[in-house]
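Ready for a short tour? Load the model in your viewer, switch on a cartoon view, and keep the selection box at hand.

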Amino acid sequence: MFRYLPVLVAGAAVFATQVHACDYCLIGQGISPLQTQTGAGVRVAQRYTLLDSIYAGDSELGNPGVTEEYWTTEVSGFYSVSERLLVLATLPLRQTRGNGELAIGPGGDPEREDITGDARGIGDLSLLGRYTFHTRHTLDSTTLLAGVLGIKLPTGSTRRHGDQDEFLDAHLQPGTGSTDLLFGVSVDHAQGRLALSANLLASIPGKGETGDLSHQFGHSLNYDVTGKYRLTPAASGSGANALFVALGVNGEVRGKEKLDGVTLDDTGGHTIYLTPGLQYQVAQHWIFEFTYQHAVYHDVNEIQLGEDYKLFGAATYLF
C-alpha cells in the first residue's frame, strides 16, 4: 500500500545544531521510513514496492498471476526555520505497473482479469512542518518529542489509461486527486552508540477521483519503532565518517476506500514489516542509506493483493 505513501517521509526530524551538540548521537539521521534529515538540505530517494501475493484476512491464497509494481523517486528540500521548527517539501515522480486485475470467481477463488497498464508522471506534492516541543540533553543522552502537521496537494494526474484504453485503477494513477491532512508525533532517544525512535503519522484524505469517477482513499496510520547502532567510530566524535546499522518494525493501517460514493469492502487492512537498514554518513554533508522492508503480517478486508517487500535508498546533502 505504498501507492501514495511518498507523502509520509517527514515523520521525525531534528535540527543540525542539535546533532552537532551530541556529535554522532544518531538522532534524526534517517533509516526510519518516517524520518528525514535536519538543518537545511536536499534529498533524493528511490522506492520500489512489489505486490505479488493474495490474502484473505491474514491467510495467503494462491495467486492466479496478478502483480503490481511501484517505482517512486522523491525529491525533497528541508529547512530549519528556527531551533524548533523545520519545514519540508517532497515531490514524487511515480512509475506504476499493473499486470492483471484481481477478480473473484463463482467459487470464491481468486481469478485474473486480463487488464494491464502502466503510468509515469509527477505525483502529489507534500508540504510539512515539524515542531520540537520537548528537548532534553544530558552529558551522554538526548531525548526529543515532536509533532508533525502537513498537507498533501493533488498535483498528480488521475486520468492515465491502461493497455485496454480504460482508466487505470486509482492505486496505479500518478496522483490521487485529493487534498489530504497529515499529522503525527515522534519520540527519539539516543544514548551512547544506540538510538531508539518511535513515530506515528496519520492521513485524513479528501475526496479525489480516478478517471471520470470520484474516489476517496481511507484514513490511514503509519507507525514504526526503530533501533539504530553506530558501528564506527567507536567513540563519539572520533572520526569524520560514521557507519550505522538499524532494525525496525513498522506498519500501515488503511481504512476502506470509496468509489463513486460506494464503500469498497475489499480495501483497507493492516500490514506489518520487518525493516533492516544501513546508513553511512560522510563528513558533515553527505548521508547515504538503504532499507529493506519485508512484509511479515497481513490482515486485509475480504480478498486483496498484498505487499511482498519494499526497497528504499536515499542520498542526502546537508548544507
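Start by selecting Ala40, which stands opposite Tyr79 in β3. Before going on, please keep in mind that this is a predicted model.

**Stop 1: the strands around β3**

Now widen the selection to strand β1, residues 40-56, and strand β3, residues 67-80: the two pair in the antiparallel sense over twelve bridges. From β3, move on to β4, which runs antiparallel to β3 and is joined to it by 14 bridges. To see one position in this pairing, pick Val75 and look across to Leu91 in β4. Then follow the chain from β3 into β4, where the two strands form a hairpin with four residues between them. While side chains are on display, recall that in a regular strand they alternate between the two faces of the sheet.

**Stop 2: aromatic rings**

Stay with β1 and β3, and show Tyr48 and Trp71 as sticks. How far apart are the ring centres of Tyr48 and Trp71, and what is the angle between the planes? The centres are 5.3 Å apart and the planes make 50 degrees, a tilted pair. The pair links distant parts of the chain, with Tyr48 in strand β1 and Trp71 in strand β3, 23 residues apart. Is Tyr48 buried or exposed? Its relative accessibility is 14%, so Tyr48 counts as buried, the cut-off being under 20%. Trp71, at 28% relative accessibility, counts as partly exposed.

Next add Tyr309, which forms another tilted pair with Tyr48: 6.1 Å centre to centre and 50 degrees between the planes. This pair also links distant parts of the chain, since Tyr48 sits in strand β1 and Tyr309 in strand β18, 261 residues apart. Tyr309 is partly exposed, with a relative accessible area of 24%. Finally, add Tyr292 to your selection: Tyr48, Trp71, Tyr292 and Tyr309 form one aromatic cluster.

**Stop 3: the largest pocket**

Switch to a surface view and select Glu68, Glu101, Leu102, Asp169 and His171. Of the 35 residues that line the largest pocket, these are the closest to its centre. About 840 Å³ of space lies in this pocket. Which element gives the largest share of the lining? That is β4, with six residues. The elements that give two or more residues are β4 (85-104), β5 (110-122), β11 (213-216), β14 and β18 (303-318). Colour the lining by residue type and you will find 15 nonpolar, eleven polar and nine charged residues.

**Stop 4: β8, β9 and β12**

Select residues 180-191 for β8 and 194-204 for β9, antiparallel strands joined by eleven bridges. Leu182 has Ser203 in β9 as its bridge partner. At the turn of this hairpin, with two residues between the strands, centre on Gly192, which takes a positive phi near 65 degrees. Then add β12, residues 220-232, which pairs with β9 in the antiparallel sense over ten bridges. Here Ala198 stands opposite Val225 in β12.

**Stop 5: a four-stranded sheet**

For the last view, show β10, β11, β14 and β15: in that order they make an open sheet with antiparallel pairing. Its edge strands are β10 (208-210) and β15 (262-264), each pairing on one side only. Neighbouring strands in this sheet are turned by 35 degrees against each other on average, direction ignored. Zoom in on β14, residues 257-259, which pairs with β15 in the antiparallel sense over three bridges. End on Glu257, which stands opposite Leu264 in β15.

How values were computed
Residues numbered from 1 in each chain as written. Predicted model: local features only at pLDDT ≥ 70, side-chain atom pairs only at ≥ 80, totals over all residues. Heavy atoms only, no water. Pairing = 2+ DSSP bridges. Axes fitted to C-alpha atoms, helices over the stretch in contact; angles between N-to-C directions. 1 Å grid on protein atoms, 1.4 Å probe; cavity = no way out; pocket = protein on both sides within 12 Å on 5 of 7 lines; lining within 4 Å. Points joined across faces, edges and corners; volume = space filled by probe spheres on them. Nonpolar A, V, L, I, M, F, W, Y, C, P; charged D, E, K, R; others polar. Phe/Tyr/Trp six-rings, centres within 6.5 Å; stacked < 30°, edge-to-face > 60°. Buried < 20%, exposed > 50% of the residue type's maximum accessible area, 1.4 Å probe, protein only.
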